[in-house]
Amino acid sequence: MSQGPQGPGWGTPDRDPEGLRRDPLDHAPQHAQAYGYPSAPDALAAEDRSDGGGAGAGGRERRRARKRARKAARRAKPWWRRTIPTWRMVLGGVLTVLLLGIGAFVLMYMVVQVPDPNAAATAQSNVYYYADNKTEIGQTGLVNRVSVPIGQISQTMQHAAVSAEDRTFYSNRGVSITGMARAGWYTVSGRGLQGGSTITQQYVKNYYLNQEQNVARKAKEFFISLKVDQTESKDTIMAGYLNTSYFGRGAYGIQAAAQAYYGVNASQLNVPQAAYLAALLQAPSAYDVATATPAGKANAVARWNYVLDGMVKLGWLTPGQRAAEKFPATKEPTAVNGVSGQAGYLIDIADQYLTDNNVVDPATLAAGGWRITTTFVKNDQDALTSAVRSQLTQQLPDTAKAKDVRAAAGSVDPTTGRLVAAYGGPDYAKQEFNDATRTDIQVGSTFKAFDLAAGLQNNATTQDGDPITPSTLYDGTSGRSVQGLPKGLSYAPPNEDDVDYGEISLAYAMKKSVNSVYAQEAADAGLNNVRNAAIAAGLPTDTPNMSAGNPSLALGVATPDAIQLAGAYATFADHGRQITPWSVQALSHDGQSKALPEHQARTAFSRDTADTVTSVLEGVVSPSGTGYLALGLDRPAAGKTGTTDSNNSAWFVGYTPQLVTSVGLFAEDPTTHARLSLGEAAGVDRVNGGAFPTQIWTAYMTEALDGQPVAQFDLDSAASTSTQPQAPAPTTQAPTPTAPNTPSTPATAPTTPGRPTPSAPAPTTSAPTPPASTPPTPAPSTPPADTPTAGPLAPNTAPPPGTAPHP
């Protein structure tokens with residue numbers, strides 16, 4: 001009979017002519033002979049002969065022979081075939097893993113015991129200190145808690161909590177494998193931290209463990225939750241959970257929360273009230289609708305609806321009952337012990353620093369027992385608060401609208417990055433949201449410093465190919481169309497009061513805050529380079545409205561907060577070295593210190609670039625500059641004013657070699673948080689960056705620097721010797737000069753009763769009164785939407801880019 005075709009599976013020792021696999025023992029002789037091994041039958045016969053051929057021994061030897069034959073057969077296969085495990089190996093491995101896992105689970109279940117309640121059950125206060133580590137700022141964590149049994153918690157509150165936090169609570173065994181797996185996947189895939197804990201797990205974490213985010217703590221939580229579910233009733237767990245949870249307004253536990261928000265006992269909570277308190281469990285402070293911005297309130301209402309919808313799904317409400325529910329009004333917040341006045345704002349800034357840098361998480365801070373030493377200097381903080389009061393609050397008329405004017409400020413040591421003072425509002429107990437950290441206030445022409453830095457740092461040229469320097473000439477015609485923008489973009493911003501300046505230098509344009517010049521200079525430098533310069537200086541990459549695709553970026557539609565803006569200007573003050581502002585210098589718990597981030601300076605700009613910007617900004621603080629009121633400091637200073645469209649905000653950011661301070665003003669309706677015109681609220685024509693903000697800056701800096709030597713700017717020689725060509729007269733008639741914050745009236749007109757009169761120190765040099773830096777009002781096709789941001793514990797949001805801000 002002829003042989004079949006040769007190839008894989010044909011004529012090989014382990015296949016018959018039909019290609020079917022045979023038992024390896026059938027071909028053991030061929031395999032053995034092919035590789036020089038004795039065949040299994042031969043080996044078996046030899047061993048049988050050697051041991052006398054006993055029946056028992058023969059059976060054992062036959063099994064051994066089969067095993068040897070299988071090994072020989074496997075060795076005879078190609079290398080790649082030997083890498084594939086046999087079914088015996090796979091099955092053995094799976095069984096081993098299962099047995100090890102079961103053993104580990106049983107061992108952990110037996111080893112992990114339910115501990116005694118932790119310190120969170122009897123939470124301590126956190127104590128915050130000024131930079132001297134002796135003077136107390138205030139305390140938080142003074143526990144406002146009255147634990148109540150389950151019988152004193154309304155059934156609707158229990159149902160609302162289940163609907164909000166764990167809809168399988170009454171059927172699960174204390175843990176949710178699917179929830180934990182989902183949370184783990186979200187974390188490892190970079191989609192953010194997600195809650196995967198059941199109510200039982202949250203109760204165990206709050207009452208028995210701590211808030212640390214690590215594998216060991218999560219493992220303990222898992223096994224303790226299993227045991228607690230086996231040993232405690234669902235009612236006991238629910239009561240423990242609601243009595244240990246934080247609801248905002250300093251209220252720990254459901255009884256304190258019911259009193260804080262509605263003035264009732266926990267047993268009296270109705271459906272809409274219970275649904276709202278359950279919604280607060282996700283974000284207590286951010287969802288407080290009494291003080292939340294529209295974004296925060298919208299999130300709270302959405303969460304409230306989610307809870308009610310869940311109660312319908314779980315059978316605790318009918319669709320008709322759910323449709324009839326209305327969002328419940330809450331009480332006004334009352335004073336919180338230890339955080340009134342400026343203390344709460346400073347504590348909020350310190351807490352945000354710790355959580356943003358992953359030093360501790362909010363829940364761990366809320367557990368109490370921390371000693372926090374901040375960077376705030378008591379004298380500087382008092383001086384800033386006093387400056388706002390004397391130069392703004394006491395200057396405003398005694399009207400309801402004037403109370404809507406709000407200030408935000410930050411003061412930074414440029415050589416270390418230490419935040420020495422901040423102003424977040426008049427009283428934290430009355431206004432919980434921190435204006436110093438909000439990011440929905442356009443900074444206006446203060447952004448022009450980054451325009452100039454971008455041009456200098458990148459050796460940019462004009463449209464005619466001339467290098468960009470402080471003396472480079474630009475066309476200052478108001479409303480001039482910007483050239484060289486990316487295809488599809490157009491921009492023609494007007495100057496203040498529509499003044500045409502003709503050809504002027506960049507230095508002079510900064511001094512007068514000429515929009516048409518810096519809109520063109522930013523285009524020449526490259527809008528992306530402008531954005532990168534702002535980021536290099538210290539503004540966060542996610543600063544709202546800081547898009548390089550928007551030409552109005554050049555004139556300050558971006559909305560960093562006051563502290564970030566001061567930190568960015570500190571980079572110019574420190575010759576191009578950037579340090580992100582920081583606010584905590586020491587942290588300890590139970591006497592044990594905790595490591596804090598280091599604050600290494602990095603080079604953001606060349607010294608020549610930074611010092612040239614400083615030299616140009618010195619011109620703003622000059623007799624003919626928009627920041628001339630800062631001359632009252634009687635020290636070398638540099639800075640920039642900024643005023644935005646519709647007079648929605650006004651800024652002054654200025655610095656000496658020792659200190660950098662930003663001051664911003666805005667006005668908003670306290671109920672709706674709609675943005676108001678500063679001039680209208682203050683009872684004057686308009687409020688400019690060179691007026692109230694500069695007055696506050698000057699008064700504060702005078703006090704803060706008192707006793708320190710007068711320091712000169714140590715500028716790079718090229719920057720310090722740069723010349724500024726004589727500015728030509730405007731080609732159109734400028735408006736009659738008026739003092740800042742004062743209505744345009746004849747010189748002989750009497751003072752309008754109730755209107756503020758600036759009381760800033762007089763300039764130390766004689767100077768003509770400059771024109772008020774009042775913004776013209778270009779006619780946008782769609783007015784910008786001024787949407788306030790959430791508070792300090794909520795995500796920051798900002799309105800879409802508006803039209804060009806002004807000086």
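## A buried histidine with a positive phi

Histidine 673 is buried, with a relative accessible area of 8%. This is a predicted model, and in it the backbone at histidine 673 does something a bit unusual: its phi is positive, about 65°, although the residue is not a glycine. As a rule, most residues other than glycine have a negative phi. You'll find histidine 673 in the loop between strand E14 (660-668) and strand E15 (675-676).

Another histidine plays a similar trick. Histidine 575 isn't a glycine either, yet has a positive phi of about 60°. Look for histidine 575 in the loop between H22 and strand E8 (577-578). Is histidine 575 buried, partly exposed or exposed? Its relative accessibility is 22%, so histidine 575 counts as partly exposed; the cut-off for buried is under 20%.

## Two nonpolar cores

Now for the inside. The largest nonpolar core has 95 residues, and the ones with the most contacts inside it are Leu354, Phe447, Phe450, Tyr569, Phe572, Leu617 and Tyr655. Which element gives this core its largest share? That would be helix H22 (residues 562-573), with nine residues.

Phenylalanine 572 is a good one to click on. Leaving aside residues up to four places away in sequence, phenylalanine 572 touches Ala449, Phe450, Ala453, Phe605, Ala610, Val613, Thr614 and Tyr655. Two of those names, Phe450 and Tyr655, are also on the list of residues with the most contacts inside the core. There's a second, separate core too, made of 47 residues, with Val271, Ala275, Leu280 and Ala286 among them.

## Helix H13, one side buried

Helix H13 passes a simple length check. With 20 residues at 1.5 Å a residue, H13 should span 28 Å, and its end C-alpha atoms are indeed 28 Å apart, so the two values agree.

The buried residues of H13 are Gly296, Ala300, Arg303, Trp304, Val307, Leu308, Gly310 and Met311. Where do they sit around the axis? They cover an arc of only 160°, so they lie on the same side of H13. What covers them includes H6, H12 and helix H14 (319-324). After H13 comes glycine 315, with a positive phi near 90°.

## Salt bridges, buried and exposed

The count of salt bridges comes to 19. One of them involves H13: the side chains of glutamate 165 and arginine 303 meet at 3.4 Å, N to O. That pair ties together distant parts of the chain, with glutamate 165 in helix H6 (residues 155-165) and arginine 303 in helix H13 (residues 294-313), 138 residues apart. Arginine 303 counts as buried because its relative accessibility is 13%.

Arginine 249 and aspartate 288 form another salt bridge, at 2.7 Å from N to O. This pair also links distant parts of the chain, 39 residues apart: arginine 249 is in the loop between helix H10 (234-244) and helix H11 (254-262), while aspartate 288 is in the loop between helix H12 (271-280) and H13. Both arginine 249 and aspartate 288 are buried.

For an exposed pair, try aspartate 398 and lysine 403, whose side chains meet in a salt bridge at 3.4 Å, N to O. Aspartate 398 counts as exposed because its relative accessibility is 74%, and lysine 403 is exposed as well, with a relative accessible area of 61%. Elsewhere, shared partners join Arg406, Asp435, Arg438, Asp440, Glu668 and Arg675 into one network of salt bridges.

Conventions: Residues numbered from 1 in each chain as written. Predicted model: local features only at pLDDT ≥ 70, side-chain atom pairs only at ≥ 80, totals over all residues. Heavy atoms only, no water. Core = buried A, V, L, I, M, F, W, Y, C linked by side-chain atoms within 4.5 Å. Buried < 20%, exposed > 50% of the residue type's maximum accessible area, 1.4 Å probe, protein only. Helix = DSSP H or I, 4+ residues; strand = E, 2+ residues; numbered from the N terminus. Contact = heavy atoms within 4.5 Å. Salt bridge = Lys/Arg side-chain N within 4 Å of Asp/Glu carboxyl O. Expected span 1.5 Å × (residues − 1). Arc of directions from axis to C-beta.
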